[in-house]
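Q: Please take a close look at the salt bridges, and at what surrounds them. I would like one connected explanation in plain words.

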Amino acid sequence: MSAWSGSDEQHMRRALALAVLGLTTVDPNPRVGCVLVRDGRVVGEGWHERAGGPHAEARALQTAGEAARGATAYVSLEPCAAQGRTPPCTGALVAAGVRRVVYAVDDPNPGMRGGAAALRAAGIEVANGLLADEARELNIGFFSRHERGRPWVRVKLGASLDARTALADGTSQWITGTESRADVQRFRARSSVVLAGASTVLKDDPSLNVRIEGASRQPLRVVLDRRLRVPATARTYTLEGAAAVFTASSDEARLGTLRQAGVRVEHVGAASGGLDLAAVMTRLAALQANEAWVEAGPRLAGALLMARLVDELVIYMAPCMLGPQGAPLAQLPPIARLEDRLALRYVAVDRMGADLRIIARPAASGGI
């Protein structure tokens, strides 16, 4: 369909707003919202609230009851056609007598796609593509995992105005303000994985967990530790929720201690003095990670950038200067020609209290 009515867009925007309500709770599933409309009136709404729970369409049908018969369903993602932990939504829509389905974007999950064809085969009018870009952005990690075989990778950096992340002696707490730190918690909460390098963990002993009141889910906490330098007593290994170490070490004594402490051990190969970062991301995708939030020091940030594994930089910039001896944002190799620079594009620049939050993506990336 090339032209959409104003009411079509209005109802799809509402479906997307409902989907956002599952931003931090449905991982590893996609965030989905659904609105049922009959004779110009909204008769049912729903969103996917948690993994394993009813899908958005089922929730909306439940609230609509008999009023769903003859209605149009606006869904932010193609209705699923396969049995998962819940029944297929296509069957529920057909059984409810829905007349028309408008969805934003095709489901990238090969195990669930085919809903549009199933609906058409049942005689239901189907249209798609309305607000597709917004729908993909909402589930950008879900699309990344299924289309590229790796999570969407955000690298968080806190820096001074002269782009220094710590003093020369490593002191970095706290360059940025409380509003920025609260925003970090919101990003952690929506992520599948919170990841840090061994050097950061040894220096700061961070928790890497979500500390938001009422948080219903903790992301997997991951430490990249090629030589197993981080002890099993590190704070991030001792907190509630799952923790994992990615390593190239075969030190059975240390591995045994970590396993005994409940830490998941993942072996990957070494590369360029560290771990094979592409292999790390591939393995995280196999563990159903959609979005990876990386709290990196300059070395890991630079390695991820040079490996072309960074999809988004989230930089919190404080109104201060730390001087030339401070640690840089990222350790990058010398660049001889300006045309070889790592070009970025700004996605958003926002105030966070006294700080600025800059979100930037590689200029060469068209997204997913």
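A: Strands here are DSSP runs of at least two residues, and helices are runs of at least four, both numbered from the N terminus. The model is predicted.

These labels place Leu342 in the loop between strand S16 (327-328) and strand S17 (344-352). Leu342 counts as partly exposed because its relative accessible area is 31%, and partly exposed means between 20% and 50%. Together with Met306, Leu332 and Leu344, Leu342 makes a nonpolar surface patch of about 320 Å².

Now to the charged pairs. The whole structure holds 27 salt bridges. One of them joins Arg154 and Glu291, whose closest N and O atoms are 2.7 Å apart. Arg154 belongs to strand S6 (residues 152-159) and Glu291 to strand S14 (residues 291-295), so this pair ties together parts that are 137 residues apart in sequence. Arg154 and Glu291 are both buried.

Strand S14 also contains Glu295, while Arg188 lies in helix H7 (residues 178-190), so a bridge between these two ties together parts 107 residues apart in sequence. In that bridge, the N to O distance is 2.9 Å. Glu295 counts as buried because its relative accessibility is 10%, and Arg188 counts as buried because its value is 5%; the cut-off for buried is under 20%.

A further salt bridge is formed by the side chains of Glu339 and Arg337, at 3.4 Å from N to O. Glu339 has 56% relative accessibility and so counts as exposed, whereas Arg337 is partly exposed, with a relative accessible area of 45%. Some bridges share partners: Arg31, Glu137, Arg154, Arg190, Glu291, Glu312 and Arg361 are joined in this way into one network. Arg154 and Glu291, the pair at 2.7 Å, are thus met again as members of that network.

Last, the open space. The second largest pocket contains about 450 Å³ of space. Its lining has 25 residues, and those nearest the centre of the pocket are Asn29, Pro30, His55, Asn109 and Met112. Helix H2 (56-64) and helix H6 (140-148) are the elements that give two or more residues to this lining; H6 gives the most, with 3 residues. By residue type, the lining of the second largest pocket has 10 nonpolar, 10 polar and 5 charged residues.

Conventions: Residues numbered from 1 in each chain as written. Predicted model: local features only at pLDDT ≥ 70, side-chain atom pairs only at ≥ 80, totals over all residues. Heavy atoms only, no water. Patch = residues over 30% accessible without salt bridge, like charges linked within 9 Å, V, L, I, M, F, W, Y side chains within 5 Å. Areas by Shrake-Rupley, 256 points an atom, 1.4 Å probe, with all protein chains shown as cover. Salt bridge = Lys/Arg side-chain N within 4 Å of Asp/Glu carboxyl O. Buried < 20%, exposed > 50% of the residue type's maximum accessible area, 1.4 Å probe, protein only. 1 Å grid on protein atoms, 1.4 Å probe; cavity = no way out; pocket = protein on both sides within 12 Å on 5 of 7 lines; lining within 4 Å. Points joined across faces, edges and corners; volume = space filled by probe spheres on them. Nonpolar A, V, L, I, M, F, W, Y, C, P; charged D, E, K, R; others polar.
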